[in-house]
Amino acid sequence: MTHAIHPAGYWLFIAIQDVPDPNKPETWTFQLQCTWRKPDDPAGEVRSNGFLEKGDDEFITDLDIYKARAETFGEPFKSAVLWMPEGTKLYSNRLSYWVPRPWDTKNGRIAMLGDAAHPMTFQRGQGLNHGIADASVLTQLLAAVKAGKKTQEGAVKEYMDEMVERAGEEVRISMENTDMLHDWKRMSQSAIMQRGGDPNEKKTKKEEEKAEPNKVDGSVGDKTVNP
Ligand SMILES: Cc1cc2nc3c(=O)[nH]c(=O)nc-3n(C[C@H](O)[C@H](O)[C@H](O)COP(=O)(O)OP(=O)(O)OC[C@H]3O[C@@H](n4cnc5c(N)ncnc54)[C@H](O)[C@@H]3O)c2cc1C
């Protein structure tokens, strides 16, 4: 999986879906995604420098328009789009989310897990992780019910309270992250853009801290970056 942001406010994503023959990349299937703010979103217009215009509704499903826009993408996103075969069908969706809140469990007979409970924007890639955490927490609580240590009503309520707080926080963080990824100005000031994603950075930072214990976190040279 690889992803990128575009100065005009696009977030770009490529993921491998299927690898029938590892030695023949031409047999692999990829999923390409592009997200952007709605053109009628005032923040979208301001941040996109006019790149997102009227006609974006067509961009959603028109391969020619998508390819024209992709001329400005960096690699490998540009080629990945330009090489899409004629007739490839594009699918569109609007990102949506909701913050989970407590519900009537009907005496512990109704529980909600996964995206049904806490759909979140996907750029941070945390939806499934929380779905697995939901299942893990609830399973352990139900095991306690089976062992006679808890009532079913109490166990499901305990699960609900834990999930609403944990996943609710993630829904909010994910939305914040999605918002930032479509805002070039903000993103360009982030730590990842200012410092990069060097896998050795941790070691270097630790070494730096050892050498300069009073150095302020988040500073690059004479510039201070946002966390
Ligand atoms: C592009 C993208 C990238 C992502 N990347 C990550 C990532 O890196 N890490 C991560 O943790 N999460 C990621 N996620 C989120 C993750 O995919 C979801 O959180 C997860 O799939 C949710 O699982 P779920 O079982 O709750 O719901 P779903 O996967 O939506 O499963 C629900 C199922 O119910 C079926 N269904 C619906 N209605 C009915 C009905 N009436 N009767 C019977 N069946 C029905 C649906 O067909 C579906 O199969 C990503 C999501 C997207 C879109």
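Ala, Val, Leu, Ile, Met, Phe, Trp, Tyr, Cys and Pro count as nonpolar, Asp, Glu, Lys and Arg as charged, and the others, Gly among them, as polar. Keep that handy for the tour.

A note before you click: this is a predicted model, where local features need pLDDT of at least 70, side-chain atom pairs count only at pLDDT 80 or more, and totals for chains, interfaces and linings use all residues. Residues are numbered from 1 along each chain as its sequence is written.

**Stop 1: the ligand**

Select the ligand and look at what is near it (a residue is near if its C-beta atom, placed from the backbone, lies within 6 Å). Its surroundings include Gln33, Asp115, Phe122 and Asn129. Sorted by class, this shell has seven polar, three nonpolar and one charged residues. Which helix gives the largest share of the shell? That is α5, residues 127–146, with four residues. (Helices are DSSP runs of H or I, at least four residues, and strands are runs of E, at least two, numbered from the N terminus.)

**Stop 2: two helices side by side**

Keep α5 on screen and add α6, residues 152–181. The two pack at an angle of about 160 degrees, with axes 9 Å apart; axes are lines fitted to C-alpha atoms, for helices over the stretch in contact, and angles run from 0 to 180 degrees between N-to-C directions. That makes α5 roughly antiparallel to α6, a label for angles over 145 degrees. Now show the side chains that make the contact (C-beta atoms, placed from the backbone, within 7 Å). Among them are Leu138 and Leu141 of α5, and Tyr159 and Met163 of α6. The contact residues divide into eleven nonpolar, two polar and five charged.

**Stop 3: two backbone oddities**

Most residues other than glycine have a negative phi, and most peptide bonds are trans. Go to Pro76, in the loop between α3 (63–70) and α4 (77–82). The peptide bond from Glu75 to Pro76 is cis, with omega near 5 degrees. Next, select Lys106, in the loop between α4 and α5. Phi of Lys106 is positive, near 50 degrees.

**Stop 4: colour by confidence**

Finally, colour by pLDDT, the predictor's confidence in each residue, from 0 to 100. The chain has a mean of 83, and 78% of its residues reach 70 or more. Where are the lowest and highest mean values among the elements? Strand β5 (residues 223–224) is lowest at 30, and α5 is highest at 98. Check residues 45–52 too: pLDDT stays under 50 there. Residues 215–227 also stay under 50.

Note on methods. Parallel < 35°, antiparallel > 145°, perpendicular 65-115°, else oblique. Contact = placed C-beta atoms within 7 Å.
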